[in-house]
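Here is a quick walk through one protein chain, written for someone who would rather look at the model than read tables. Keep the viewer open as you go.

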Amino acid sequence: QILQRVSIALDSHESLLLLGPGGAGKTRILRSALARLHGRAAYLEAAPVLHETLVRLGAALCGAAHRRFSQMVGDAPDSRRWLARQTSIHLKGLLRDALESEPMPILLDDVRGADHRAMRFFHYLYFTDGMTIVAAARDFPSLGALRRLFWDPRHIVQTPPLRRSEAERLFELAVSRFKLDELDLDEFRPRVLESAAGNPGQIIDMCRRARLPQYQAGAHIKFSLVRIDTVTWFLR
């Protein structure tokens, strides 16, 4: 349903914000949307520093074969290195000109603490004809200054936790995927399902860790250690 909502937004050039904790599936949704567009979109993870975000956006446009921007970069053998050498002012000009002449959706993942310089840049693109920005963040405060772009609740989509039956099904699929059948799952299964609270990424990560020797004691899985390391990973 969320992927369908994102697809509708992309088709209608409607910018959208996905909110949900780490492991909720935001990145998977964005990458699935990218696949549906056959790569004709710029997917990138936002960076705390605007210059790095601009470099990543430029590299994503090159990767998506954006005709106009690729012409601007020219025959540089290493486009990312070339982009990194440019000033932020120069990059902003190149990106704006390219996306004005040939709009392309931007899938902006993992936004954290964007400053006002980033807000002004994306604000310009937000109101450029034909442009669509689908951003993802853990919560509204994580957006930083970009909160000013996504003020309308109609353009905000929460990624809900899995229902109990869905979580149980995902757990069994992960058990099969990571070949955990020979381990004692009687205690591990309910503790994973309870602690993950429907978060698919956490269910998968705990099952992935359970196959590693450092998390095992014979057929027993050291759940406390698995849980601590999973939570630590998703809070990074």
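## The chain at a glance

Of the 236 residues in the chain, 47% are buried. Keep in mind that this is a predicted model. The chain has 11 helices and 7 strands, and its C-alpha atoms fill a box of roughly 60 × 40 × 30 Å along the principal axes.

How do the contacts spread along the sequence? Take the contacts between residues at least 6 apart: 73% of them join residues at least 24 apart.

## Surface and charge

About 12300 Å² of the chain is exposed, and carbon and sulfur atoms supply 53% of that area. As for charge, there are 34 positive and 26 negative ones, and the mean positions of the two sets sit 4 Å apart.

## The largest pocket

Rolling a probe the size of a water molecule over the atoms shows where empty space is left. The largest pocket has a volume of about 1200 Å³. Its lining takes in 32 residues, and if you want to find the centre, look for G23, A24, G25, K26 and R28, which lie nearest to it.

Which elements give two or more residues to this lining? They are α1 (2-11), α2 (26-36), β2 (42-45), α8 (164-177), α10 (200-210) and α11 (223-234). Helix α2 provides the largest share, with 6 residues.

## One cavity

A search of the whole structure turns up 1 cavity of 30 Å³ or more. The largest cavity holds about 50 Å³ of space, and the residues around it are D184, E187, F188, R191, H220, I221 and F223. Two elements, α9 (188-196) and β7 (220-221), each put at least two residues into that lining.

## Helix α10, wrapped by its neighbours

Why is α10 described as largely enclosed by the rest of the structure? The reason is that 9 of its 11 residues are buried. Those buried residues are P200, G201, Q202, I203, D205, M206, C207, R209 and A210. They pack against α8, α9, β6 (216-217), β7 and α11. So α10 turns up twice in this report, because this largely enclosed helix also gives two or more residues to the lining of the largest pocket.

One of the buried residues, P200, also makes a handy landmark for E166. The two are 34 residues apart along the chain, yet their C-alpha atoms are separated by 9.2 Å. E166 itself belongs to helix α8. Is E166 buried or partly exposed? Its relative accessibility is 30%, so E166 counts as partly exposed.

## Two more residues to click on

Start with E102, which is found in the loop between α6 (88-101) and β3 (106-109). With a relative accessible area of 13%, E102 is buried, because the cut-off for that label is under 20%. Setting aside residues up to four places away in sequence, E102 touches R40, H66, R67 and R68.

Next, try C62, in helix α3 (residues 50-63). Which residues is C62 in contact with, once neighbours within four places in sequence are left aside? They are F69, S70, V73 and S79. S79 is 17 residues from C62 along the chain, and the C-alpha atoms of the pair are separated by 7.8 Å.

Notes:
Residues are numbered from 1 along each chain as its sequence is written. This is a predicted model: local features need pLDDT of at least 70, side-chain atom pairs count only at pLDDT 80 or more; totals for chains, interfaces and linings use all residues. Side-chain values use heavy atoms; hydrogens and water are left out. Helices (H or I, at least four residues) and strands (E, at least two) are DSSP runs, numbered from the N terminus. Buried means under 20% relative accessible area, exposed over 50%, partly exposed in between (1.4 Å probe, protein chains only). Contact means heavy atoms within 4.5 Å. Accessible areas come from the Shrake-Rupley method with a 1.4 Å probe; for residues, only the protein chains shown count as cover. Lys and Arg count as positive and Asp and Glu as negative; His and the chain ends are not counted. The place of a charge is taken as NZ of Lys, CZ of Arg, CG of Asp or CD of Glu. On a 1 Å grid over the protein atoms alone, a cavity is a set of points where a 1.4 Å probe fits but cannot get out, and a pocket is an open set with protein on both sides within 12 Å along at least five of seven lines; lining residues have an atom within 4 Å of a point. Grid points are joined across faces, edges and corners, and a volume is the space filled by probe spheres set on the points.
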